[in-house]
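Here is a small set of exercises to work through at your own pace. Have a go at each task before reading the solution below it.

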Amino acid sequence: MSIKSGDTVLFSSNPIPGNAGSVSKVINKLYRAGARVLTNEAINNLHTSGHASQEEQKLMLLLTRPKYFFPVHGEYRMLKIHAKLFEEVGLIKGNAFVLSNGDSILLRNEEARLGPRVHVDDIYVDGNDITGLSTAVLRDRQILSEDGMVSVLISMDSRAGCLLNKPIIMSRGFVYMKDSTEMIREAEMLVGKALTQLLKRKTTFGEIKNTIRDTLGPYFYQKTKRNPMIIPVIMNKKA
């Protein structure tokens, strides 16, 4: 097909959401070719649907008379209305399924029923590694993207039960260190006091890590209304 000057082109449907830019480029090219372009507007109603009407959908159901029915195209409200037509034409009530992404249908012995939901959200894959697809990994990535990370470096002597140096806190994606010097210094003091108190008795590395998180988590949230991932790094003096 070719367009020459004086041709008239009708756009009788509305652009699919997200395609408006591409449609606009086509219209501009048609104008450059000398065509007269008519689009669907409030003052120029040219719209016609490419989808079947309700009466046509009813006819399809009556001709095929399916035992089970689940529409799969359109928005949820459209699926709901389409499923209602199944019952309106006298087919088995309750055998029309309205599904969302992730729902499943189990077919067995000529019977159909709703099955378990499956994971259909976006999955991030690094290179060829597909081992990091667990919910915990994705949750960690979400926390890092939204609230950042704080690492807490602890130097200690577990035999003597004391800290060798004051804790050191480093931030990545949480706060800018140079602009948050006072808050970081106060956080280091808080965690230092908590650990000094904890090390007065026999303890474990697990308790030390939990104490660091329990001390800094509420403090950072109070100051910033954010919950960064807190990663303790413990260096223990060897005998």
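The exercises below concern a predicted model, and each one comes with a worked solution.

**Exercise 1. A helix pair late in the chain**

Task: Work out how α5 and α6 are oriented relative to each other, and list the residues through which they touch.

Solution:
- Start with the two elements: α5 covers residues 181-198 and α6 covers residues 205-224.
- Next, take the geometry. The axes of α5 and α6 are 10 Å apart, and the packing angle is about 150°.
- Now classify the angle. Angles over 145 degrees count as roughly antiparallel, so α5 and α6 are roughly antiparallel to each other.
- For the hand, the crossing of α5 and α6 is right-handed.
- Then look at the contact. On the α5 side there are M183, E186, A187, L190, V191, A194, L195 and L198. On the α6 side there are E207, I208, T211, I212, T215, L216, Y219, F220, K223 and T224.
- Finally, sort these residues by class: the contact of α5 with α6 has twelve nonpolar, three polar and three charged residues.

**Exercise 2. A second helix pair**

Task: Do the same for α2 and α3, and decide which orientation class describes them.

Solution:
- The axes of α2 and α3 come within 10 Å and cross at roughly 55°.
- That angle falls neither under 35 degrees nor between 65 and 115, and α2 and α3 are therefore oblique to each other.
- Their crossing is right-handed.
- From α2, the residues Q54, Q57, K58, M60 and L61 take part, and they meet I81, H82, L85, F86 and E88 of α3.
- By class, the contact of α2 with α3 divides into five nonpolar, three polar and two charged residues.

**Exercise 3. Two pockets**

Task: Describe the largest pocket and the second largest pocket by volume and lining.

Solution:
- Begin with the largest pocket, which holds about 640 Å³ of space.
- Its lining counts 23 residues, and those nearest its centre are S49, H51, H73, G74 and M78.
- Trace the lining of the largest pocket back to the helices: α2 (54-64) and α3 (76-88) each give at least two residues. The largest share, four residues, is from α3.
- In classes, that lining has nine nonpolar, 13 polar and one charged residues.
- Move on to the second largest pocket, with a volume of about 160 Å³.
- M156, S158, G161, L199, R201, K202, T203, T204, F205 and I208 line the second largest pocket. They split into four nonpolar, four polar and two charged.

**Exercise 4. One residue in a strand**

Task: Place L114 in its strand and find which residues it touches, leaving out those up to four places away in sequence.

Solution:
- L114 belongs to strand β4, residues 111-114.
- Leaving out those sequence neighbours, L114 touches F97, L99, S104 and I105.
- Take F97 as an example: F97 and L114 are 17 residues apart along the chain, and their C-alpha atoms are separated by 8.1 Å.

Conventions:
Residues are numbered from 1 along each chain as its sequence is written. This is a predicted model: local features need pLDDT of at least 70, side-chain atom pairs count only at pLDDT 80 or more; totals for chains, interfaces and linings use all residues. Side-chain values use heavy atoms; hydrogens and water are left out. Axes are lines fitted to C-alpha atoms, for helices over the stretch in contact, and angles run from 0 to 180 degrees between N-to-C directions. A crossing is left-handed if the near helix is turned anticlockwise from the far one by less than a right angle, and right-handed if clockwise. Contact means heavy atoms within 4.5 Å. Ala, Val, Leu, Ile, Met, Phe, Trp, Tyr, Cys and Pro count as nonpolar, Asp, Glu, Lys and Arg as charged, and the others, Gly among them, as polar. On a 1 Å grid over the protein atoms alone, a cavity is a set of points where a 1.4 Å probe fits but cannot get out, and a pocket is an open set with protein on both sides within 12 Å along at least five of seven lines; lining residues have an atom within 4 Å of a point. Grid points are joined across faces, edges and corners, and a volume is the space filled by probe spheres set on the points.
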